[in-house]
Amino acid sequence: MDPGIVEDPVLERAFRGHGAPVRAVCFGPAMKQVVSASDDKSIYVWHFKLQMRPSKLLGHTKEVHGLDLSSTGEIIASASADRTVRLWRNSARSKSTTLTGHTAGVRSVAFDPTDRWLVTASDDKLVKIWSSWDRRFKASLVGHTNWVRSARFSADGETVASGGDDNTVRIWNVESRSCLASFVDHSASVNQVRFHHSEPVVASASMDGTVKLFDTRAGNVVQHYAAHSGGATSVAFHPTQRLLLSSSEDRSVRLWDLREGKNVWMAMGHEGSVNDVHFAPDGEFFTTASSDSHVFVWRMRGSSGESLNDRLADSALQESLKPRSRRTLDSSNMSGHASLMASGRSPNVRATSAPSNRPPETFQPATRPGAMRPLPQVEVSDTLIPIPWTPERANASPPSRVDSGRDTVAPVPAALTIKDAPEITAAFQEMWKQMSKVVKAVQVMDRRLQLTEESVVRLQQQVAEGGGQRP
C-alpha cells in the first residue's frame with residue numbers, strides 16, 4: 001500500500017460519563033450510536049446528535065466486561081463479572097433479559113452473523129453457545145485450561161475462535177463442538193481474538209505485547225507483529241480487510257498495513273490503558289475505550305484529508321492494473337514461510353522508535369491531538385506472506401462470502417463455478433474479485449469527474465456574468 005494513502009486520524013468526539021474504566025465499545029450499524037460498557041456496572045448508549053442525551057442501562061451487579069450489538073442494532077448483549085449475560089432492547093429505559101449458566105464471571109459476548117446465536121467466554125474456562133431467539137443455552141465448548149477472555153464467530157457462523165489465560169488461541173467447529181486447532185504461539189494471556197471478514201484468518205492480541213495472525217486452514221502463524229511495549233488488549237479489522245487496528249496497555253493505538261506488513265501510524269490520546277477498539281461499518285471512523293473512563297471517536301483520513309475509502313479504491317484500481325508479482329502467487333514463498341515458522345523463528349516486525357508523548361489536557365472535536373505522531377517505517381522480514389487466498393494455500397474450496405458492508409465483494413455467479421475443477425473455480429473467483437474492485441474504483445473516479453465538470457460550468461457562468469472578466 002502507498003504510505004500516503006492513510007494519514008494520522010483526527011479526534012472527532014470524546015464521550016465522558018462513565019465513573020470507572022471502560023472495557024468494551026462498539027458502533028451501531030447505522031452510524032448514529034456508540035455503545036460502551038464499564039467497570040461502573042453500566043452500559044451507555046451515546047448519540048452523535050448533540051441534542052440527544054445518552055441512555056444509561058443498569059442491571060448488572062458487577063463490572064461489565066464485554067458487549068456486542070445485533071446486526072440491526074436493535075439488541076445489545078452484555079457480559080458481566082456477575083456471571084450473567086443480559087440482552088437489552090436498544091431504547092430508552094430498556095429492560096433486560098438475563099441468561100445464566102456460567103459459574104464464574106463472563107468476559108465477552110458476541111452475536112453470529114444471523115443474530116440467532118450468541119457465544120460467550122468465561123472465567124469458568126468454558127465457551128458457551130446460546131440461542132438469542134429463545135434465550136436458552138445450547139452447548140459448551142470444553143478445552144481451555146484457564147480463564148477464557150474472548151470468543152468470536154467466523155463470518156460464516158460455522159466456527160468459533162477463542163483465547164484466554166492458558167496462552168492459547170483455539171478454533172472450534174460449532175456443529176460438532178470439537179476443537180479444530182489450538183495455537184500455542186503466545187507467551188502470555190490472549191486478551192482478544194477476531195476473525196478476518198472473508199479469509200480463514202484469526203487475529204489475536206496478547207499480554208506478551210504481540211499481535212499475531214493465524215491461518216486456520218494451514219494451522220500456522222502467517223503474520224507476527226511485536227506491536228506494543230505493554231500488553232496488547234484488542235484488535236479490529238478494517239472493512240476493506242487491508243488494515244488492522246491494535247490497542248494496548250501502553251495507552252497507544254496502532255494501525256497496521258497487512259499487505260505491506262508495516263506500522264502506518266501510532267495514536268496516543270488516552271490517559272490510561274486502551275482496552276478496546278472498533279471500526280465503524282463504513283471504515284471511516286473508529287472508537288476506543290480506555291481505563292481513563294473516556295470513549296473517543298476518531299476519523300480515518302486519506303492523504304490531503306480526503307475520504308479514506310476513496311483513497312483505498314484508487315489504490316485498488318492502480319493495483320488491479322499492475323501485473324501480479326510472483327511473491328503473491330508463488331507457493332514457494334509460502335513453503336519457505338512455513339519452514340521458518342516450524343523452526344520457531346517468527347517474521348518479527350520491529351519498530352525503530354516508539355513515541356511516548358503524554359496526551360494533551362483537553363480535546364476539541366475535529367482537532368488533531370498534539371501527542372499523535374506517525375511512526376517511522378518498520379523493518380520487515382522478506383518472508384512475510386500477504387493474506388489474500390490463493391489455490392496453493394489449501395486444497396479446499398475458497399471461503400464463502402457474507403455481506404459485511406459496502407466493501408464486500410460480489411458473490412461469484414453460479415455460471416463461473418466449475419464442478420470438480422477447484423483450481424479453475426478459484427481462478428475465476430479471483431478474477432471476479434479484481435473486476436469488482438475495478439468497477440468500484442471507476443465509480444469513484446466517475447463521481448470525481450462529475451464534480452470537476454460542475455465546477456467548470458460554475459466558473460464559466462461567473463465569467464459570463466462578469467462581462468468576460470475573470471473573477
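**Strands, cores and two unusual loops**

Hi everyone, let me start with one residue: Lys41 sits in the loop between strand 3 (33-38) and strand 4. Please keep in mind that what you have in front of you is a predicted model. So what is the sign of phi at Lys41, given that the residue is not a glycine? Phi at Lys41 is positive, about 75°. That deserves a second look, because most residues other than glycine have a negative phi. Lys41 is also partly exposed, with a relative accessible area of 40%.

Lys41 has a counterpart further along the chain. Ser293, again not a glycine, has a positive phi of about 75°. Ser293 lies in the loop between strand 27 and strand 28. Is Ser293 buried or exposed? With a relative accessible area of 15%, Ser293 is buried, whereas Lys41 is partly exposed at 40%.

Now let me step back to the whole chain. The protein chain has 28 strands and four helices. Of its 471 residues, 53% are buried. If you take the contacts between residues at least 6 apart in sequence, 50% of them join residues at least 24 apart.

Let's go to the sheets, beginning with the one that takes in strand 4. Strands 2-3-4-5, in that order, make an open sheet of four with antiparallel pairing. Strand 2 (22-27) and strand 5 (55-58) stand at the edges with a single partner strand each, so each has one side without a neighbour in the sheet. On average, and ignoring direction, neighbouring strands here are turned by 20° against each other. Strand 4 (residues 42-47) and strand 5 run antiparallel and are joined by four bridges. If you want a pair to click on, Ile43 has Leu57 in strand 5 as its bridge partner.

Before we leave this part of the chain, look at the rings. Phe15, Phe27, Tyr44, Trp46 and Phe48 are linked into a cluster by ring pairs. Cys26 is here too, and at 3% relative accessibility it counts as buried. Cys179, by comparison, is partly exposed, with a relative accessible area of 35%. How many disulfides does a search of the whole structure find? The count is zero.

The next sheet is also open and has four strands, in the order 10-11-12-13, with antiparallel pairing. Its edges are strand 10 (106-111) and strand 13 (136-142); each has a single partner strand, so one side of each has no neighbour in the sheet. The twist from one strand to the next averages 20°. Strand 10 pairs with strand 11 (residues 117-122) in the antiparallel sense over five bridges. Val109 finds its bridge partner, Thr120, in strand 11.

Now for the cores. In general, nonpolar side chains in soluble globular proteins tend to be buried together. Here the largest nonpolar core has 17 residues, and those with the most contacts inside it are Leu245, Leu255, Trp265, Phe286 and Met300. Which elements give two or more residues to this core? They are strand 1 (6-16), strand 23 (243-248), strand 24 (252-257), strand 25 (262-268), strand 26 (274-279) and strand 28 (294-302). Another core, of 14 residues, lies apart from it, and includes Ala203, Val211, Phe237 and Trp256.

Let me zoom in on two residues of the largest core. Trp265 and Phe286 form a stacked aromatic pair, 5.9 Å centre to centre with 25° between the planes. Why does this pair tie together separate parts of the chain? Trp265 belongs to strand 25 and Phe286 to strand 27 (residues 285-290), so the pair connects parts that are 21 residues apart in sequence. Trp265 is buried at 0% relative accessibility, and Phe286 is likewise buried at 0%. Across the structure, the count of aromatic pairs comes to 11.

Phe286 leads us to the last stop, a hairpin. Strand 26 and strand 27 run antiparallel, joined by five bridges. One of the residues to look at is Phe279, whose bridge partner in strand 27 is Phe286. Strand 26 is mostly covered, with five of its six residues buried. The hairpin has five residues between the strands, and Gly283 takes a positive phi near 80° there. This time the residue is a glycine, unlike Ser293 in the loop that follows strand 27. Thanks for listening!

How values were computed. Residues are numbered from 1 along each chain as its sequence is written. This is a predicted model: local features need pLDDT of at least 70, side-chain atom pairs count only at pLDDT 80 or more; totals for chains, interfaces and linings use all residues. Side-chain values use heavy atoms; hydrogens and water are left out. Two strands pair if DSSP finds at least two bridges between them. Axes are lines fitted to C-alpha atoms, for helices over the stretch in contact, and angles run from 0 to 180 degrees between N-to-C directions. A nonpolar core is a set of buried Ala, Val, Leu, Ile, Met, Phe, Trp, Tyr and Cys residues joined through side-chain atoms within 4.5 Å. Buried means under 20% relative accessible area, exposed over 50%, partly exposed in between (1.4 Å probe, protein chains only). A disulfide is a pair of cysteine sulfur atoms within 2.5 Å. Rings of Phe, Tyr and Trp (its six-membered ring) pair if their centres lie within 6.5 Å; planes under 30 degrees apart count as stacked, over 60 as edge-to-face and the rest as tilted. Contact means heavy atoms within 4.5 Å.
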